Amino acid sequence: MMEIARVSALAEMASGLAHELNQPLGAIATFSQAGERLLNRPEPLVTRALDVFRHINHEALGAGEDIQRIRRLFERGVPERTRCQMPELIEELRPVLDVLALSAKGELRVTARGALPDLIVDRLRIQHVLFALTQNAVDAGAQSQGTPSISIEVSADRYAVRTSISDSGPGVPDDLRDKLFHPFFTTKPRGTGLGLASSRAIIESHEGTIGFDNLAGGGSCFWFRLPSATS
(Lines give C-alpha, C1' and ligand atoms only; values in the text may rest on other atoms or scores of the structure.)
Protein backbone atom coordinates (compact mmCIF):
# COMPACT_ATOMS: atom_id res chain seq x y z
CA MET A 1 0.00 0.00 0.00
CA MET A 2 2.95 2.33 0.57
CA GLU A 3 3.96 1.95 -3.09
CA ILE A 4 0.37 2.66 -4.19
CA ALA A 5 0.29 5.80 -2.08
CA ARG A 6 3.63 6.95 -3.53
CA VAL A 7 2.44 6.36 -7.09
CA SER A 8 -0.71 8.35 -6.39
CA ALA A 9 1.39 11.14 -4.90
CA LEU A 10 3.60 11.20 -8.01
CA ALA A 11 0.60 11.57 -10.28
CA GLU A 12 -0.89 14.33 -8.15
CA MET A 13 2.48 16.09 -8.16
CA ALA A 14 2.70 15.99 -11.94
CA SER A 15 -0.90 17.13 -12.50
CA GLY A 16 -0.49 19.96 -9.99
CA LEU A 17 2.96 21.19 -11.03
CA ALA A 18 1.76 24.63 -12.11
CA HIS A 19 -0.05 25.13 -8.80
CA GLU A 20 2.91 23.86 -6.78
CA LEU A 21 5.27 26.33 -8.41
CA ASN A 22 2.88 29.27 -8.60
CA GLN A 23 2.18 29.08 -4.89
CA PRO A 24 5.77 29.53 -3.64
CA LEU A 25 6.59 32.01 -6.40
CA GLY A 26 3.56 34.08 -5.44
CA ALA A 27 4.60 33.91 -1.79
CA ILE A 28 8.14 35.00 -2.67
CA ALA A 29 6.78 38.03 -4.54
CA THR A 30 4.50 38.95 -1.64
CA PHE A 31 7.23 38.56 0.99
CA SER A 32 9.67 40.58 -1.14
CA GLN A 33 7.22 43.47 -1.32
CA ALA A 34 6.68 43.26 2.44
CA GLY A 35 10.43 43.23 3.09
CA GLU A 36 10.90 46.26 0.86
CA ARG A 37 8.21 48.20 2.75
CA LEU A 38 9.73 47.29 6.11
CA LEU A 39 13.17 48.54 5.03
CA ASN A 40 11.87 51.70 3.31
CA ARG A 41 10.24 53.07 6.45
CA PRO A 42 11.75 56.21 8.03
CA GLU A 43 12.88 53.86 10.80
CA PRO A 44 13.53 50.52 9.08
CA LEU A 45 12.19 47.46 10.91
CA VAL A 46 15.27 45.36 10.32
CA THR A 47 14.37 42.49 12.64
CA ARG A 48 10.97 42.01 11.05
CA ALA A 49 12.52 42.31 7.58
CA LEU A 50 14.98 39.53 8.44
CA ASP A 51 12.03 37.29 9.36
CA VAL A 52 10.48 38.06 5.98
CA PHE A 53 13.72 37.15 4.20
CA ARG A 54 13.78 33.84 6.06
CA HIS A 55 10.30 33.15 4.70
CA ILE A 56 11.54 33.95 1.19
CA ASN A 57 14.41 31.51 1.63
CA HIS A 58 12.03 28.80 2.84
CA GLU A 59 9.66 29.26 -0.10
CA ALA A 60 12.52 29.28 -2.62
CA LEU A 61 13.96 26.06 -1.23
CA GLY A 62 10.52 24.46 -1.34
CA ALA A 63 10.08 25.41 -5.00
CA GLY A 64 13.51 23.97 -5.77
CA GLU A 65 12.55 20.67 -4.14
CA ASP A 66 9.38 20.52 -6.27
CA ILE A 67 11.43 21.01 -9.42
CA GLN A 68 13.89 18.30 -8.38
CA ARG A 69 11.05 15.84 -7.79
CA ILE A 70 9.77 16.45 -11.32
CA ARG A 71 13.29 16.24 -12.72
CA ARG A 72 13.83 12.80 -11.19
CA LEU A 73 10.92 11.48 -13.26
CA PHE A 74 12.86 12.31 -16.42
CA GLU A 75 16.25 11.02 -15.36
CA ARG A 76 17.56 8.36 -17.70
CA GLY A 77 19.90 6.73 -15.26
CA VAL A 78 19.61 3.02 -14.51
CA PRO A 79 16.77 2.58 -11.99
CA GLU A 80 16.73 0.05 -9.17
CA ARG A 81 15.04 -3.00 -10.66
CA THR A 82 13.44 -6.15 -9.33
CA ARG A 83 12.01 -9.26 -11.00
CA CYS A 84 8.22 -9.28 -11.17
CA GLN A 85 5.17 -9.91 -13.33
CA MET A 86 3.13 -7.14 -14.93
CA PRO A 87 -0.21 -8.47 -13.56
CA GLU A 88 1.37 -8.32 -10.10
CA LEU A 89 2.17 -4.60 -10.55
CA ILE A 90 -1.35 -3.93 -11.79
CA GLU A 91 -2.91 -5.84 -8.90
CA GLU A 92 -0.92 -3.79 -6.37
CA LEU A 93 -2.15 -0.62 -8.02
CA ARG A 94 -5.70 -1.88 -8.63
CA PRO A 95 -7.37 -0.09 -5.66
CA VAL A 96 -6.08 3.25 -6.95
CA LEU A 97 -7.05 2.47 -10.56
CA ASP A 98 -10.55 1.46 -9.47
CA VAL A 99 -10.94 4.80 -7.71
CA LEU A 100 -9.94 6.59 -10.93
CA ALA A 101 -12.56 4.68 -12.92
CA LEU A 102 -15.27 5.21 -10.30
CA SER A 103 -14.56 8.94 -10.25
CA ALA A 104 -15.89 9.05 -13.83
CA LYS A 105 -18.60 6.44 -13.14
CA GLY A 106 -16.64 4.12 -15.42
CA GLU A 107 -15.77 0.45 -15.54
CA LEU A 108 -12.24 -0.95 -15.45
CA ARG A 109 -11.41 -4.37 -16.85
CA VAL A 110 -8.03 -6.09 -16.60
CA THR A 111 -7.05 -9.05 -18.79
CA ALA A 112 -3.82 -11.05 -18.90
CA ARG A 113 -3.44 -13.22 -21.99
CA GLY A 114 -1.44 -16.44 -21.86
CA ALA A 115 1.70 -17.24 -19.91
CA LEU A 116 3.71 -14.11 -19.29
CA PRO A 117 7.47 -13.88 -18.79
CA ASP A 118 8.99 -12.03 -15.87
CA LEU A 119 10.13 -8.43 -16.13
CA ILE A 120 13.06 -6.75 -14.40
CA VAL A 121 11.88 -3.21 -13.73
CA ASP A 122 11.64 -0.38 -11.25
CA ARG A 123 8.23 -1.26 -9.84
CA LEU A 124 7.26 2.24 -8.69
CA ARG A 125 8.16 3.92 -11.97
CA ILE A 126 6.24 1.38 -14.04
CA GLN A 127 3.26 1.82 -11.72
CA HIS A 128 3.53 5.55 -12.31
CA VAL A 129 3.18 4.87 -16.04
CA LEU A 130 0.16 2.64 -15.40
CA PHE A 131 -1.41 5.35 -13.29
CA ALA A 132 -0.76 8.11 -15.83
CA LEU A 133 -2.12 6.13 -18.80
CA THR A 134 -5.18 4.99 -16.86
CA GLN A 135 -5.85 8.56 -15.76
CA ASN A 136 -5.73 9.66 -19.41
CA ALA A 137 -8.05 6.80 -20.40
CA VAL A 138 -10.54 7.78 -17.69
CA ASP A 139 -10.45 11.42 -18.80
CA ALA A 140 -10.96 10.39 -22.44
CA GLY A 141 -13.77 7.98 -21.60
CA ALA A 142 -15.58 10.69 -19.67
CA GLN A 143 -16.03 12.54 -22.98
CA SER A 144 -18.02 9.67 -24.50
CA GLN A 145 -21.72 8.91 -24.40
CA GLY A 146 -22.78 6.35 -21.84
CA THR A 147 -20.64 4.60 -19.26
CA PRO A 148 -16.90 5.14 -19.80
CA SER A 149 -15.06 1.91 -20.48
CA ILE A 150 -11.40 1.42 -19.62
CA SER A 151 -9.53 -1.81 -20.20
CA ILE A 152 -5.99 -2.92 -19.40
CA GLU A 153 -4.66 -5.88 -21.35
CA VAL A 154 -1.34 -7.62 -20.87
CA SER A 155 0.14 -9.96 -23.48
CA ALA A 156 3.58 -11.13 -24.53
CA ASP A 157 5.68 -12.48 -27.34
CA ARG A 158 9.11 -14.08 -27.12
CA TYR A 159 10.84 -10.73 -26.67
CA ALA A 160 8.63 -8.41 -24.63
CA VAL A 161 5.55 -7.88 -22.49
CA ARG A 162 3.00 -5.49 -23.94
CA THR A 163 0.59 -3.58 -21.70
CA SER A 164 -2.22 -1.65 -23.37
CA ILE A 165 -4.74 0.73 -21.83
CA SER A 166 -7.80 1.34 -24.00
CA ASP A 167 -10.65 3.80 -23.59
CA SER A 168 -14.02 4.54 -25.14
CA GLY A 169 -13.30 8.22 -25.76
CA PRO A 170 -13.18 10.23 -28.99
CA GLY A 171 -9.66 9.14 -29.99
CA VAL A 172 -6.63 11.30 -30.74
CA PRO A 173 -6.95 13.87 -33.58
CA ASP A 174 -4.39 13.40 -36.34
CA ASP A 175 -2.92 16.87 -35.83
CA LEU A 176 -1.98 16.03 -32.22
CA ARG A 177 -0.34 12.66 -32.81
CA ASP A 178 3.21 14.03 -33.00
CA LYS A 179 2.82 16.23 -29.92
CA LEU A 180 1.35 13.98 -27.26
CA PHE A 181 4.59 12.82 -25.68
CA HIS A 182 6.23 16.25 -25.66
CA PRO A 183 6.77 17.77 -22.21
CA PHE A 184 4.18 20.42 -21.23
CA PHE A 185 1.89 19.71 -24.20
CA THR A 186 -1.64 19.04 -22.96
CA THR A 187 -5.23 19.19 -24.16
CA LYS A 188 -6.60 19.36 -20.60
CA PRO A 189 -7.63 22.76 -19.17
CA ARG A 190 -5.68 22.09 -15.96
CA GLY A 191 -3.13 19.63 -17.32
CA THR A 192 0.62 20.14 -17.26
CA GLY A 193 1.61 17.83 -20.11
CA LEU A 194 3.95 15.81 -17.90
CA GLY A 195 2.08 12.51 -17.61
CA LEU A 196 2.83 11.14 -21.09
CA ALA A 197 6.25 12.77 -21.31
CA SER A 198 7.40 11.27 -18.00
CA SER A 199 5.88 7.92 -19.02
CA ARG A 200 7.94 7.89 -22.20
CA ALA A 201 11.10 8.77 -20.27
CA ILE A 202 10.47 5.94 -17.80
CA ILE A 203 9.72 3.32 -20.46
CA GLU A 204 12.72 4.31 -22.58
CA SER A 205 14.98 4.16 -19.50
CA HIS A 206 13.87 0.51 -19.27
CA GLU A 207 14.83 -0.02 -22.93
CA GLY A 208 11.17 -0.28 -23.87
CA THR A 209 8.87 1.48 -26.32
CA ILE A 210 5.61 3.38 -25.89
CA GLY A 211 2.96 4.54 -28.32
CA PHE A 212 -0.74 4.68 -29.10
CA ASP A 213 -3.30 3.80 -31.75
CA ASN A 214 -6.79 5.00 -32.48
CA LEU A 215 -9.29 2.15 -32.35
CA ALA A 216 -11.50 1.35 -35.32
CA GLY A 217 -14.67 1.40 -33.23
CA GLY A 218 -13.75 4.63 -31.46
CA GLY A 219 -11.47 5.41 -28.58
CA SER A 220 -7.72 5.04 -28.30
CA CYS A 221 -5.21 2.51 -27.03
CA PHE A 222 -2.00 3.61 -25.34
CA TRP A 223 0.54 0.83 -24.98
CA PHE A 224 4.06 0.14 -23.86
CA ARG A 225 6.41 -2.79 -24.38
CA LEU A 226 9.07 -3.84 -21.90
CA PRO A 227 11.74 -6.42 -22.69
CA SER A 228 11.23 -9.71 -20.85
CA ALA A 229 13.75 -10.87 -18.29
CA THR A 230 14.89 -13.62 -20.66
CA SER A 231 15.27 -11.51 -23.80
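Guide: Let's start with a cut-off: a residue is called buried when its relative accessible area is under 20%. Cys84 comes out at 3%, so Cys84 counts as buried. Keep in mind that we're reading a predicted model.

Visitor: And Cys221, buried or exposed?

Guide: Cys221 is buried too, because its relative accessible area is just 6%.

Visitor: With cysteines on the table, how many disulfides does the structure hold?

Guide: The general idea is that a disulfide covalently bonds the sulfur atoms of two cysteines. Here, searching the whole structure turns up zero disulfides.

Visitor: Let me zoom out. How many helices and strands are in the protein chain?

Guide: The protein chain has six helices and seven strands. Reading from the N terminus, the order is α-α-α-β-α-β-β-α-β-β-α-β-β.

Visitor: What share of the residues is buried?

Guide: With the cut-off we started from, 42% of the 231 residues in the protein chain count as buried. As for the surface, the chain's accessible area is about 12,800 Å², and carbon and sulfur atoms account for 53% of that.

Visitor: How do I read the range of the contacts in sequence?

Guide: Take contacts between residues at least 6 apart in sequence, then ask how many of those span at least 24. In this protein chain the share is 73%.

Visitor: On to charges. How many salt bridges are there?

Guide: Six in the structure. One of them pairs Arg83 with Asp118, with 3.4 Å between the closest N and O atoms. That pair links distant parts of the chain, 35 residues apart: Arg83 belongs to strand E1 (residues 82–84), while Asp118 is in the loop between strand E2 (107–112) and strand E3 (119–121).

Visitor: Which accessibility class do I give Arg83?

Guide: Exposed, because its relative accessibility is 53%. Its partner Asp118 is at 26%, so Asp118 goes down as partly exposed.

Visitor: What is Glu88 paired with?

Guide: Glu88 meets Arg123 in a salt bridge, 3.0 Å from N to O. Glu88 is in helix H4 (residues 86–103) and Arg123 in helix H5 (residues 123–141), so this pair ties together parts 35 residues apart in sequence.

Visitor: Which other residue forms a salt bridge with Arg123?

Guide: Glu92 does, with the closest N and O atoms 2.4 Å apart. Glu92 lies in helix H4 and Arg123 in helix H5, so here the tie is between parts 31 residues apart in sequence. Since salt bridges can share partners, read them as a graph: Glu88, Glu92 and Arg123 join into one network.

Visitor: In that network, is Arg123 buried or exposed?

Guide: Arg123 is buried, because its relative accessible area is 15%. Glu88, at 34%, counts as partly exposed, and Glu92, at 25%, counts as partly exposed.

Visitor: What about a buried polar residue, say Ser198: where is it placed?

Guide: Ser198 is in helix H6 (residues 195–205). Its relative accessible area is 0%, so Ser198 is buried. With a residue like that, look for a polar partner. The side chains of Ser198 and His128 are joined by a polar contact of 3.0 Å.

Visitor: Now the opposite case: which residues form a nonpolar patch on the surface?

Guide: Leu39, Val46, Leu50 and Phe53, with about 330 Å² of accessible area together. Helix H3 (residues 46–74) contributes the most to the patch, giving three residues. Phe53 is in helix H3, and at 38% relative accessibility Phe53 counts as partly exposed.

Visitor: One last residue. Where is Glu153 found?

Guide: In strand E4 (residues 149–156). Glu153 has 29% relative accessibility, so Glu153 is partly exposed.

Visitor: Which residues is Glu153 in contact with, leaving aside its neighbours within four places in sequence?

Guide: Thr111, Arg113, Arg162, Thr163 and Ser164. With Arg113, there is a side chain to side chain polar contact of 2.9 Å. Try comparing sequence and space as well: Glu153 and Ser166 are 13 residues apart in sequence, and their C-alpha atoms are 8.3 Å apart.

Notes
Residues numbered from 1 in each chain as written. Predicted model: local features only at pLDDT ≥ 70, side-chain atom pairs only at ≥ 80, totals over all residues. Heavy atoms only, no water. Helix = DSSP H or I, 4+ residues; strand = E, 2+ residues; numbered from the N terminus. Buried < 20%, exposed > 50% of the residue type's maximum accessible area, 1.4 Å probe, protein only. Contact = heavy atoms within 4.5 Å. Areas by Shrake-Rupley, 256 points an atom, 1.4 Å probe, with all protein chains shown as cover. Polar contact = N/O pair within 3.5 Å; in protein donor to acceptor, adjacent residues only side chain to side chain. Salt bridge = Lys/Arg side-chain N within 4 Å of Asp/Glu carboxyl O. Disulfide = S-S within 2.5 Å. Patch = residues over 30% accessible without salt bridge, like charges linked within 9 Å, V, L, I, M, F, W, Y side chains within 5 Å.
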